[in-house]
Amino acid sequence: MTTSNYATERETTEGRVFTVTGGDWDTVVSSTDPINDERIVVNMGPQHPSTHGVLRLILELEGETVREARSVVGYLHTGIEKNLEYRNWVQGSTFVTRMDYLAPIFNETAYALAVEKLLGITDDITERATTIRVLMMELNRISSHLVWLATTGMELGAISIMLYGFREREYILDIFETITGLRMNHAYVRPGGVAQDVPDEAIVKIREFLKMMPQKLKEYEDLLSGQPIWTERTKNVAVLDVTGCVALGITGPVLRSAGLAWDLRKTMPYCGYETYEFDVPTHPDGDVWGRYLVRLAEIRESMKLVEQALDRLRPGPVMVADRKIAWPAQLAIGVDGMGNSLEHVAKIMGQSMESLIHHFKLVTEGFRVPPGQVYVGIESPRGELGVHAVSDGGTRPYRVHYREPSFVNLQALPAMAEGGLIADVIAGGASLDPVMGGCDR
Amino acid sequence: MTAQDKPNDGGVPLPVTPAGATTGAPADYPPASPAGRGMFGNQGTGDVSGYGGLVRQRQPIEEAARPYGGYFDEVRDALEEAYPAFGDAIEKVVVDRGELTLHVRPERIAEVCQVMRDDMALRFELCSSVSGVDYLGADERRLHVVYLLTSMTYRRRVRLEAAVSVESPHLPSVTAIYPTADWQEREAYDMFGIVFDGHPNLTRILMPDDWEGHPQRKDYPLGGVAVEYKGAEIPPPDRRRSYQ
């Protein structure tokens with residue numbers, strides 16, 4: 001037998017291992033033993049275009065059938081929870097926004113709600129701030145679901161939907177940029193309220209978006225819903241019923257696609273969601289197709305919520321009145337980017353020594369949070385996003401833990417994939433909508 | 001009872017304490033946040049203002065008195081009725097900020113979870129979150145495991161908290177009752193070195209397999225290097241002067 005430069009093999013305790021980096025496929029195939037090597041182990045990822053991020057899957061295959069699937073996570077671990085313990089409470093929002101990069105507003109809001117609960121100021125948050133939070137969260141839910149639609153379409157071979165989904169999502173990111181100054185990683189929702197008020201031009205943009213979007217949604221449905229390849233790849237694929245979901249802790253659209261209308265906005269309301277009119281879409285089948293329909297329906301529900309939030313926006317403060325907590329300055333755009341407004345700088349530098357001291361104390365030292373622990377759960381696009389925050393009475397978080405839906409939901413992958421075809425691993429994994437930045441934190 | 005004489009009930013090799021589980025990381029650093037001691041975070045001399053010597057009184061978290069209010073009394077009564085060993089298993093009941101916390105003896109945690117899930121009056125079907133907290137310097141059993149259970153039927157939430165020491169960081173795994181705890185317990189093991197006996201595959205999940213120490217313990221330093229910026233040396237975050 002001649003040695004090949006491309007395909008090499010070696011014996012290990014686990015059996016024969018082949019390293020395939022090119023060359024002749026026949027050479028590789030002929031060197032396997034068809035009787036003893038029916039099972040092959042395929043390592044998929046961590047850098048793989050279809051694993052939805054830096055996720056590594058180890059698949060044991062018999063032919064094209066997956067016998068065992070194990071997911072390996074941690075490649076995007078950045079120690080955000082540990083880092084939070086070395087910054088003050090307000091600075092925390094700049095860290096948590098970077099966890100789940102497709103749903104930054106949700107990370108921030110969950111964090112802000114937890115800190116406010118620790119401070120005992122939940123009821124003092126102004127009406128306008130809460131409405132803006134709802135508005136931003138629902139826009140964010142739409143953009144997150146659009147990325148899900150886009151990437152899942154791409155992974156199942158529908159490239160047009162990928163381009164369309166990202167195009168419309170870009171529109172929402174534009175709105176975010178108008179409001180917060182940044183497309184992503186906003187640090188906009190802060191303990192006590194939001195960083196700055198919504199400008200009028202953003203309202204115009206949101207209205208335009210609401211007008212444009214129904215037509216686009218119809219386009220997506222025209223492209224996908226009747227398409228034989230799409231239905232073949234999604235119907236009865238990666239089925240997980242309600243029992244399986246609850247046991248594995250799966251929440252969000254995946255649970256609702258199995259038929260249980262569990263949505264924290266309805267069942268354990270926060271931010272005044274109980275006063276809004278909207279439905280919780282469900283689907284009885286618990287397959288990828290159901291998850292697709294549920295997410296599309298959720299985009300429509302979110303648009304209803306955005307519309308209602310816009311109608312409710314009344315002029316008013318966007319930060320708590322308590323001067324010991326509220327950020328002392330309004331933010332404004334200057335020639336060198338966003339910062340404290342010029343009036344505020346003029347006041348603290350030229351007119352009022354007390355204001356300067358106050359600003360300095362609050363910005364460098366931060367506020368103290370009474371000791372204790374709280375848990376706040378909100379409905380993110382992927383399910384229950386929970387924050388367990390512990391304070392020891394200091395100016396820094398003692399411990400903040402994120403119950404990340406991406407992390408918890410990924411546990412369902414073996415249950416969905418084992419016994420199915422390898423192609424359905426992609427469909428099933430994508431239908432969970434894991435975002436690895438959130439999963440690994 | 002130590003790890004060595006505990007029955008091996010879930011196929012998990014127990015005898016050897018994992019590397020770093022007891023030692024953690026080099027403990028040259030002061031605890032991350034000694035709130036209540038001083039104001040500026042510097043120990044020893046250096047602070048001439050006198051504020052560094054301030055000692056604030058901390059309110060200890062006290063056992064709540066009946067009635068707790070809301071559904072908390074119902075939950076307690078139902079658990080007391082369904083679980084005969086209640087008095088032995090529950091160390092303390094705390095109601096704070098509208099949340100109910102049951103402090104559970106660590107070796108009883110799996111039994112309590114079983115009752116919480118299966119009793120018709122409790123029905124906590126979903127284990128929302130499992131996380132660890134390190135109360136270094138504040139508690140003899142400094143590693144706390146915090147479980148957040150959700151009843152989808154009654155729309156209730158309850159927190160269970162179990163405390164273990166660094167010397168014997170063992171408590172039963174709840175994966176057999178709540179399969180969703182699998183990865184979350186692995187994370188708590190990875191980050192705090194808490195060993196969940198009976199877990200099917202207790203390995204690191206976020207950190208690399210060969211990592212030493214448990215990063216989220218309070219005596220594990222944050223790390224980082226000083227950075228030069230416009231001629232000045234900016235120390236890493238955990239070495240900067242800060243308020244406590």
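The legends below describe close-up views of a predicted model with chains A and B.

**View 1. The contact between chain A and chain B in the predicted model.** On one side of this contact stand 40 residues of chain A, and on the other stand 36 residues of chain B. Within chain A, the elements that each give two or more residues to the side touching chain B are the helices α2 (80–84), α9 (242–247) and α15 (405–409), together with the strands β10 (372–380), β11 (383–391) and β12 (399–403). Sorted by class, this side of chain A holds 14 nonpolar, 15 polar and 11 charged residues.

**View 2. The largest nonpolar core.** This core has 162 residues, and those with the most contacts inside it come from both chains, namely A:A110, A:A114 and A:V115 together with B:I109, B:V112, B:L160 and B:I194. Helix α5 (residues 127–155) of chain A gives the largest share of the core, with 13 residues.

**View 3. The surroundings of A:A110 in helix α4 of chain A.** A:A110, which is among the residues with the most contacts inside the largest nonpolar core, has its place in helix α4, a helix that covers residues 104–119 of chain A. A:A110 counts as buried because 28 C-beta neighbours lie inside 10 Å, where 20 or more are needed for a residue to be called buried. When residues up to four places away in sequence are not counted, A:A110 touches A:V376, A:I378, A:L385 and A:V387. Of these partners, A:V387 is 277 residues away from A:A110 along the chain, yet the C-alpha atoms of the two residues are separated by 6.3 Å.

**View 4. The packing of helices α6 and α7 of chain A.** Helix α6 (residues 159–180) and helix α7 (residues 200–224) pack at an angle of about 170°, and their axes are 11 Å apart. The two helices are therefore roughly antiparallel to each other, since angles over 145 degrees are counted in that way. From α6(A), the contact is made by A:S160, A:I161, A:Y164, A:E168, A:Y171, A:I172, A:D174, A:I175, A:T178 and A:I179, while α7(A) brings A:E201, A:A202, A:K205, A:I206, A:F209, A:K216, A:E219, A:Y220, A:L223 and A:L224. By class, the residues of this contact are 12 nonpolar, 2 polar and 6 charged.

**View 5. The hairpin of strands β8 and β9 of chain A.** Strand β8 (residues 331–334) and strand β9 (residues 337–340) run antiparallel and are joined by 4 bridges. In this pairing, A:A332 of chain A stands opposite A:G339 in β9(A). The hairpin that leads from β8(A) to β9(A) passes through 2 residues.

**View 6. Helix α17 of chain A and the residue that follows.** Helix α17 (residues 422–432) is mostly covered, with 9 of its 11 residues buried. The buried residues are A:D424, A:V425, A:I426, A:A427, A:G428, A:G429, A:A430, A:S431 and A:L432. After α17(A) comes A:D433, a residue with a positive phi near 55°.

**View 7. The elements of chain B.** Chain B has 4 helices and 9 strands, which run from the N terminus on in the order α-α-β-β-α-β-β-β-β-α-β-β-β. Of the 244 residues in chain B, 38% are buried. Among the contacts in chain B between residues at least 6 apart in sequence, 57% join residues that are at least 24 apart.

Note on methods. Residues numbered from 1 in each chain as written. Chains lettered and ligands numbered in written order. Predicted model: local features only at pLDDT ≥ 70, side-chain atom pairs only at ≥ 80, totals over all residues. Contact = placed C-beta atoms within 7 Å. Nonpolar A, V, L, I, M, F, W, Y, C, P; charged D, E, K, R; others polar. Core = buried A, V, L, I, M, F, W, Y, C linked by C-beta atoms within 7 Å. Buried ≥ 20, exposed ≤ 12 C-beta atoms within 10 Å, placed from the backbone. Pairing = 2+ DSSP bridges. Axes fitted to C-alpha atoms, helices over the stretch in contact; angles between N-to-C directions. Parallel < 35°, antiparallel > 145°, perpendicular 65-115°, else oblique.
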